[in-house]
Every structure is written in structure tokens, then in C-alpha cells.
Amino acid sequence: MEFWGLILYLLLTITLLQTLHSILKPTRTKSKLPPGPTPLPVIGNLLKLSNKPHKSMAELAKTHGPIMSLKLGQITAVVISSPALAKEVLQKQDLAFSFRTIPNALQAYDQHKYSALWLPVSDRWRSLRKIMTSNMFSVARLDANQNQRREKVKDLIAYAEKCCQEGVAFDIGRAAFTTSLNMLSNTFFSVDLADLSQDSAKELNDLVVSMAVEAGKPNLVDYFPVLAKIDPQATLFLKKCASTTVLRKARQLHALLLTSVPATLHSPFLKNNVLSMYLRCGSLGDSRHVFDKMPQRNTVSFNVLISAYSRSTRLALESIKLFVQLGNEGLKPNGSTFTSLLQSSSLLEDSILGSTVHTHVIRCGFSGNTSVQTSLLGMYSNCGDLESAEEVFSSIVEKDSMAWNSIICGYMKNDKIAGGLQFYGKMMMCGMSPTQFTYSIVLNACGKLKDHAFGQLVHTRLIVSGAATDLPLRNSLLDMYCRCGNTHTAFDVFSRIENPDLVSWNSMIAGYSERGRGEEAMVMFVQLQQMGFDKPDEYTFAAIIAATGAFPASGYGKPLHAQVSKMGYERNVYVGSTLIYMYFNNGESDCAQNIFSLIAEKDAILWTEMIAGHCRMADGENAIRFFRGMSQQGQKIDSFALSSALSACADLVTLRQGEMIHCKAIKMGYDIEISVCGSLIDMYAKTGKLQAAELIIFEIGFPDLKCWNAILGGYSHHGKADEALKVFEEILKHSLEPDQVTFIFLLSACSHCGFVDEGKFLWNYMRERGLRPLLKHYSCMFTCTLSLHARATLWRQGVVWDEQGASVVAKPSVLGFTKSHTFSSMVDWRR
């Protein structure tokens, strides 16, 4: 009531002033305005206009002619109802026309500052007009596009005939809008923005109509500029809403709206801006409160909140509840609604919920909407349903780069990297140009597969295409070369980056670390610290600590640990696991234990690192203890933890504990993992259960060298040289390359059984393969050769077959033999 009282007071004041002005005015100059109806005081001719102004003006034109003047409040308007006269004015009087009054609604988001339709005469206006007359709408260009426009009209007619034949309702207005839109888009961009047979034009049509309706609604300020200061219809309020990012300021604006604008003028459009303002300030609670208090809501109101809820896993289900409420209120969802709902399903990884949303998409006629189809692709991919994702992908008629990227990403997320690369190949075969994002995900896939050749091909394709390379793409290139071990090319890519970010530095440090080049990694780390613009993060410290893990802890590891503690990363799981690895490598298990105790939220990787670390230090009891603790804490046990625990059981020769872990591996489905199988074979072989070890290796389709070496170790330990030699033949049949461990077990088996000729053959075979004998190899050959020649009393003839000289101290097994044969001195073995 106070607001309307203020308005009435202002109107009366204006009326009084105008009356006094008309009375006291001594002379009246002849008006240059065309004739029109006599205006009333203050309000002018506003009462002459109905809720359909165009019809009212047509009636007035019958009385006052094709050109007439109307007094609308304080604004004088000239109305031209004749098409011929309007054309003449626009062509000859366009300069005066450019200074016309701008509706207040268009000033809310500063459209009047950028649109050629509303700009006053200025340099910007002249530039835009020149561009339009010389390029966009030039006679030559319009003539050149004439056939294209005809084709669009033919498409419209064909679509109308198709609808008639199929008995489908034909929306003439929407079809005409789509055709007009495509004519303009082809003139500007040489591409169609909408399809007559899809719903994409419907959303755009609705949006344009609603914008026109809002812009066309006159404000009081349009008729009475003097009221602009008090902003009765919140035009300035909307402008402030769009730029506010501080919650306190947002609440102040909302309070101003509630106290200055009557509730009857609170349209859904106004309230939707308040919703968006609160969400922009990060206050979902305030936004929901405003939503719940809205007397009238539209689809946009629901979409604003549904979109906000769909970004949070914790609140994703709220978006589904809002969707149900939207239907209950008789509103229809649009493409944006379904895009957000599919995002919620994707976050929850709920394929059943996603399929339900998909059903509503089909029912509401949005299955052809490109953005909805892309969201369906992402949802099914994130839920691991690649079959459904492929079906959606196949249903897309015109696949754009976003659709291709979605299906490729889907395969990558589900560890189907080869499948993702196949879709990249299909994309290239279809003639679709990859985007920067496409190149990035494909290069990341090459890095994961360590496929250097394919990565180079992608790099070559990128160079040939001439596509721009932003920093994320260059980082992907850098990461790919580092993962493939080509640090030289990686450094070349790094050196070409003008302003490398922390990701670039981390990739180079990690690349050197994985190649065992700790010194180069440390040089990069020092350079990064000297740069000063980027502080190392947890990934930087994890990479550099891993790179220097093999160095003495006092020289590198502990100083780095001190920096980590200073920057507060000591309790970080990612950094903590590398510190634990470093200390175990240096034999300092107590320090590793201290770091483990500091970390509150321990993950599976941290537990596994403790198990593996104790196992490497031959501390099997502690390894088993940590494995038991990991199980009790409910951590997800993976193949690495199982493999390390089984290795500990093998070292401790604890068959029962090993069998229990074997049962756990079977229950969890890890008994088919090669790494677990190798540890199982080793455990059973060392505990004397050779039959169980043989059963496991026979069940493996393609055992790796670790598995064969494990069974060889068992045969060697139990003196089964014949079986060991048969395993050696199997290794060669499977095209595997024996390593030094293989030959240690083989030579040891031959030594136990006195197979001198076989031992010599294996020795020569090893040397031919370029494997340098270690101390253990010499020890085995000493034992084997001495055993044979002791029985034949031919000591010296048994040691002359070696081609390279070596001074070797005999092992206790050799000394035991020599003492019984009065060889009390060290053996000097030379050529």
C-alpha cells in the first residue's frame, strides 16, 4: 500500500506541474508532430491502447491517418501504419530512428550497448552497420544464397507433406521459425542451427518467444522516466543480480526487492534471477528457500535447481524429486531438464535410474535432441553400460565431435582403451576433425598403453592438421612421451611451452622418475623451486620422492621429507605412500611406520605399500600383520596386496596362512591374476607342495616368466633337475626370454643333481644371450664342476672351460667340499 501511495502521490504532482505549465505558458509554437488523439493529463493516450496494442493502433490509424502521434505517459511516440511509409522512413530517416527510446526491459542486461538494433549513432554502430551492408546482407551475398534459401523452403514444404502423410500434427509457426532460423544461420555461419524433424528448434523457439515477450512488456519507467530512480519493476535489480557473487550482497538485494516491489509484480522471471543469483554465490539453501516460497513457478525455475543438485553426488536424488514435482504441477520438462537429470544418474552411477530417465526422454520426444543424446552417452558410459552407450551413439544421425568424444571417453573410463582408440580411428575415417579434447584423451590413452608408435602417429596428425594446441593438449603430449619412456622428446615438447604450468613440471619430473633418472628429476625440481611462480604440490613431491627413493635417505629423502612437513603434505596419502616406499628402500622401517601412523585416512595403496615394504625387507611376520589389519579395516584388497602377502608366506614357509590367503584370492576373483598366480606358485613350491604349484601353473593359459621362475625355484630347491629342464623347454616354447633368475634356478638344480653337461650348456646359452653371470651363477657352477671332478679327482680340468677370467671367493658349499679334500685355501679361478 505504501508503494502505490507513493506512485499516486508522484502522478498527482506531475499532473499539477503540467497543468501549471500549460496555464502559465505565454505562447505555443506550432507542433511539428503528425495529428493524433487528444492526450489526457499525465497518462496521455495510454487508455486508448488495449492488451493488444497493434489492433488498437490500427483502429486509431483509420481516424488519424497512416502517420500519427501518441502521447504515452511522458513519452511521445510516432506510429507509422503504412508499410510503404515505414520503408521510406527506415531508408531515409534512419539516423533519427537510431536515437529512439530504448525499452527499459532491454537495459537489464545491457543489450542496448551491444546490439545494432538499439545502439545510438557511434563508431560501434557505424562499424556494425558497415559489416552488415558490405558482407552479411550485401546484394552479392544474398544473390549467391538465393538457391540455398529456395532449398530451405523446399525442405519446409517436404516436411509439411511428410507430416500430412504420416498423420502427424504440423506446427506451422514452429516450422516457419526453424526455416527462417536456418536461412539466417546459413547466411552468417554456413550451417543449420536446427532441424525440422527434431526438437532442438522447439526449445530455441520457446526461448526467443519468451525473450520477446519479456522485452516487449512495457515498464512504468518507459512511460514515466522520472520513476527510473526508484526502479518500480526491478530492472536495475536484475542488472545487479547478474553481477553479484557475494552472498551478503545477494541477501541485501533480495531484501530490497521484497520491501520495494509489491508481491503482485514478482514474476517467475524475476524470481528465477534471484534463484540464479543465490546459486552463483554458492548458497543452495537460500535458493531452495526462494523456490519453495514462489507462488508461481515455470520450467526454468525447476531447471535452475535441478541443474544445481545434479552437480553434487550427495544431493543428486533431490533433482529427481524436483522432476516429479515438476510433473505434478502440470509443467513440461525440456532438454535442459533431462540433461541435468542424466548428470545426476551419472554421478550416482545408477544405470536403472538413468534408464528410467531415458524412458521419459523418449516419451517426451527429446530422443533426437543432440545435447540429451550426448548426456545419455556420458551417463551410460559412467555406469559401465557400454552396450547401451553404443546403441545411443548409433542412433545419433549427425554425430558431432562432442558425440565422438563422449563415446571415446566412455571406453577410456571403463579401461577399454583399445576400444576407445578404435572409435578414434572410425572418427577419422568418417572425415570428422578431432578437437583439442579428442587429441588429449587419445594421447592419454596412448600413454596408459605405453604405445609410443601410435602416440607419434597422433602427434603427426595433430601437426599436419594445423590445429591450435593449448596448454592442456601440450601437457597430454608431454605425459604421453614420458609414460612411453621417451624423455628426450618429452623434454623437447616441454621446452616449447611458453608458460608451463605445474602439471607440465610434474609430468617431466614423473617421467624422469619412472625411467630411474633421479638426478635429472632433481634438477627439474630445483628449477621449479627457483621459478617461484608455482609452489610444488602433493603430486610434485610424490614424483620427486619416488625418483630419489633409491638414493641415500640422508642425502635426498629426509630433506624432501622436511619440505613436505613444512608445506603440510605429510599426512597426504599420495605423498605418504612414496615416503614409505623411500624409507623401506633405505631399510628404515621405523620411519615408514611413523609416517603410516600419522595418516588418519589410510587407503588401500598405503596398506599395500606397508605389506610390500616389509616383504622386501624379509620381515614376513609384519607383512602378514599389516595384511590382517588391512582386512580388518575393511579396505579393498587388490592383487598387489594379495601377491605381497603370499610372498611373505613363502618366505616364512607358513603353508596354512598361505592357503587361507589363497581362499581369499579365490573368493575375490583374483586367483586368475598373473601376479597372484606367480606368488601362489612360489608359496606352494617353497612349502613343499609342488603338486599344488604344478596344478596352478597348468591352469594358467599363458604363464609369464615370474610363474615359470617360481616353479623352477621349487624344483631347484627339491633337487628335481629333470623337471626343471622340462620347464626350461616350456619357457622357450612360449617365446619367453629367460632372465638371470631363471638360470640361477636351473644351474642350482643341475648342481644338486650333478648334471655337468646340462649346466655347461645352460651357462653357454646364458652367455650367448648377453646375460652377465652373477656371483650366484659362479657358485652353482663351482659346486656342479667340483662335485663331478672330485669324484674323478680331476680338479684342474674342470675349471678351464670358462672364457672370461674371474676371481671368485668360494661359497660355504664349496669350502665344505674342499676341506674334505685338503683344499684349505681360497680358490682362485682364472683362465
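## Salt bridges and a nonpolar surface patch

R496 and D492 are four residues apart in helix α26 (residues 487–496), which means that about one helical turn separates them. In this predicted model, R496 forms a salt bridge with D492, and the closest N and O atoms are 3.3 Å apart. R496 is exposed, at 57% relative accessible area, whereas D492 is partly exposed, at 34%.

Side chains of opposite charge can pair when their charged atoms come close. The count for this structure comes to 15 salt bridges. Three of the pairs are set out below.

| Pair | N to O distance | Relative accessible area, first residue | Relative accessible area, second residue |
|---|---|---|---|
| R496 and D492 | 3.3 Å | R496: 57% | D492: 34% |
| K558 and E588 | 3.5 Å | K558: 38% | E588: 24% |
| K686 and D682 | 3.6 Å | K686: 38% | D682: 18% |

The side chains of K558 and E588 meet in a salt bridge with an N to O distance of 3.5 Å. K558 lies in helix α30 (residues 553–567) and E588 in the loop between α31 (573–585) and α32 (589–598), so this pair ties together parts that are 30 residues apart in sequence. K558 is partly exposed, with a relative accessible area of 38%; E588 is partly exposed, with a value of 24%.

A further salt bridge joins the side chains of K686 and D682, at 3.6 Å from N to O. These residues are four apart in helix α37 (residues 674–686), and about one helical turn therefore separates K686 from D682. K686 is partly exposed, at 38% relative accessible area. D682 has a relative accessible area of 18% and is classed as buried, because buried means under 20%.

Salt bridges also link R288, D292, E318 and K321 in a network.

Turning to the nonpolar surface, I131, M136, F137, L184, F188, F189, V191 and L193 make a patch of about 690 Å². The elements that give two or more residues to this patch are α5 (123–136) and α8 (172–189). The greatest contribution comes from α8, with three residues. L193, one of the patch residues, is found in the loop between α8 and α9 (200–216). The relative accessible area of L193 is 47%, and L193 is partly exposed; this residue qualifies for the patch because patches are made of residues with over 30% relative accessible area and no salt bridge.

Technical notes:
Residues numbered from 1 in each chain as written. Predicted model: local features only at pLDDT ≥ 70, side-chain atom pairs only at ≥ 80, totals over all residues. Heavy atoms only, no water. Salt bridge = Lys/Arg side-chain N within 4 Å of Asp/Glu carboxyl O. Buried < 20%, exposed > 50% of the residue type's maximum accessible area, 1.4 Å probe, protein only. Patch = residues over 30% accessible without salt bridge, like charges linked within 9 Å, V, L, I, M, F, W, Y side chains within 5 Å. Areas by Shrake-Rupley, 256 points an atom, 1.4 Å probe, with all protein chains shown as cover.
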